[in-house]
Amino acid sequence: MAKAGGKRIRRSELLSAFSYALDITEGQPEGHSVRSCWIACQLGEQLGLRRDEQRDLFYAVLLKDLGCSSNAARICNVYLADDRSFKRDFKLVGPKLSDILAFVFSQTASRAPLMSRAKSIFNILINGPAISQELIQTRCERGADIARQLRFSDAVAQGIYHLDEHWDGSGKPDGLVGEAIPLLSRIALLAQVADVFHTHDGPAAATAEVMRRSGSWLDPRLAEAFSALASGSGFWARLASPTLAEELLHSSAAQCQMLAEEDFLDDVAAAFGSVVDAKSPYTSGHSERVAGYCDRIAALVGYDPARRRWLRRGALLHDIGKLGVSNNILDKPAKLDAAEWDLMRQHASHTLSILSRISAFGDLAPIAAAHHERLDGRGYPMGLADNQISLETRIITICDFFDALTADRPYRRAMSAEQALGIISESVGTAVDVTCYQALCRMVEEDSEAPKARPPVGLA
Ligand SMILES: [Fe+2]
Ligand SMILES: [Fe+2]
């Protein structure tokens with residue numbers, strides 16, 4: 001069983017800490033998933049849900065945005081807009097179709113040259129419904145798949161899958177109507193609307209918006225129950241409390257004894273690594289491949305299985321901070337300008353702050369976040385000196401470098417492993433560690449001796 005500071009860790013605690021990574025992907029203020037989960041749990045208790053239903057509700061709402069990274073690149077591409085601000089502002093629009101269309105047209109390519117804007121708007125006029133279906137379907141399917149990968153119940157996966165269904169049948173992906181929509185999804189959507197409007201405009205606006213969407217987006221019975229709940233004393237003060245995350249973990253839904261065993265930590269690291277990899281088509285599979293390389297390099301430099309397992313998690317999560325960077329930058333098919341580079345570099349600091357708040361991964365936070373540091377002190381985000389960079393970080397760094405060269409990028413095609421070694425060799429002693437470089441050479445040699453045993457590098 002996993003422990004942090006000698007304390008056993010529950011799955012609810014682990015995943016509520018991870019949910020902050022989903023908030024930044026959605027462009028939502030920090031704690032959105034936790035607050036939505038708390039609202040949903042309050043409603044679940046008020047509705048008298050069984051204990052197992054409350055537990056499923058807890059995870060369905062906490063992880064409702066698990067699939068959110070998978071349509072980010074497409075949003076940038078179709079709307080020529082910043083995916084994070086587009087997603088953030090889109091949640092404040094509706095319920096009328098005319099409001100949604102006005103938003104889409106005002107946001108589409110708003111900073112692009114006139115011709116690009118005209119082309120994008122024309123595309124949306126012709127293909128709008130199909131595009132919107134595709135975007136939501138991708139996100140829902142991906143979120144439900146990851147929930148299953150984490151071995152949550154089908155109720156949790158279905159709750160996530162149907163998040164965007166509307167009571168009147170106008171939602172997606174399946175256009176379900178009324179009680180055909182899973183209860184968990186109906187509660188999740190209401191909780192999401194309430195938190196978004198509360199954060200943006202305060203308590204009165206949140207209640208008003210829930211009631212305004214009652215019968216169109218939201219289940220009227222739930223909207224009434226929420227209205228009664230929200231008018232009770234202390235509801236909004238508790239929601240805004242800085243200790244809400246702790247309070248949430250004391251709720252009956254979070255109290256079940258589902259502990260985060262070592263296998264579960266591996267699964268969560270892999271799941272969130274895949275959330276990162278899904279964000280950009282150009283880094284598809286990157287975290288997983290880097291983790292695989294790190295594991296082999298760690299073995300070659302003499303790490304024991306337990307340490308390799310630990311490092312593998314850090315490698316899977318080394319770029320989790322990219323969830324806080326727009327795809328306009330991640331996928332830009334040209335050189336980044338200085339301001340864009342600044343934003344890109346911030347992903348390493350985001351990795352540090354995301355992992356630091358997760359007790360089971362806290363010791364990995366500085367290791368993973370330092371993967372762009374250099375031995376000559378010219379790296380980022382801290383500009384660490386060589387004696388401040390651990391061997392574990394050096395392993396991640398060289399594997400990250402190797403995969404960046406051997407995978408396709410927006411600005412160039414993948415190169416061969418041998419070409420990559422040639423380029424990396426020029427950085428030995430300045431950016432990368434000599435022991436790690438020698439181990440990498442041995443790894444590539446092993447692969448070339450057994451070419452059919454592994455998929456071609458860069459195509460995994
Ligand atoms: Fe990185
Ligand atoms: Fe990376």
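Q: Into which domains is the chain divided?
A: First, a heads-up: this is a predicted model, where local features need pLDDT of at least 70 and side-chain atom pairs count only at pLDDT 80 or more, while totals for chains, interfaces and linings use all residues. Residues are numbered from 1 along each chain as its sequence is written, with chains lettered from A and ligands numbered from 1 in written order. The bounds come from an automatic or database domain assignment. That gives domain 1 (8-249) and domain 2 (262-449).

Q: Which helix gives the most to the side of domain 1 that touches domain 2?
A: Contact here is C-beta atoms, placed from the backbone, within 7 Å, and helices are DSSP runs (H or I, at least four residues), numbered from the N terminus. The contact takes 22 residues from domain 1 and 25 from domain 2. On the domain 1 side, α1 (11-25), α4 (72-79), α5 (83-90) and α7 (114-149) each chip in at least two residues. The top giver, with eight residues, is α1.

Q: How are α16 and α20 oriented to each other?
A: Axes are lines fitted to C-alpha atoms over the stretch in contact, and angles run from 0 to 180 degrees between N-to-C directions. Helix α16 (residues 305-316) packs on α20 (residues 391-406) at about 50 degrees, axes 10 Å apart. Under 35 degrees is roughly parallel, over 145 roughly antiparallel, 65 to 115 roughly perpendicular, and the rest oblique. The pair is therefore oblique.

Q: Which residues of α20 does α16 meet?
A: From α16, the residues involved are L311, G314 and A315. Across from them in α20 sit E392, I395, I396 and C399.

Note on methods
Contact = placed C-beta atoms within 7 Å.
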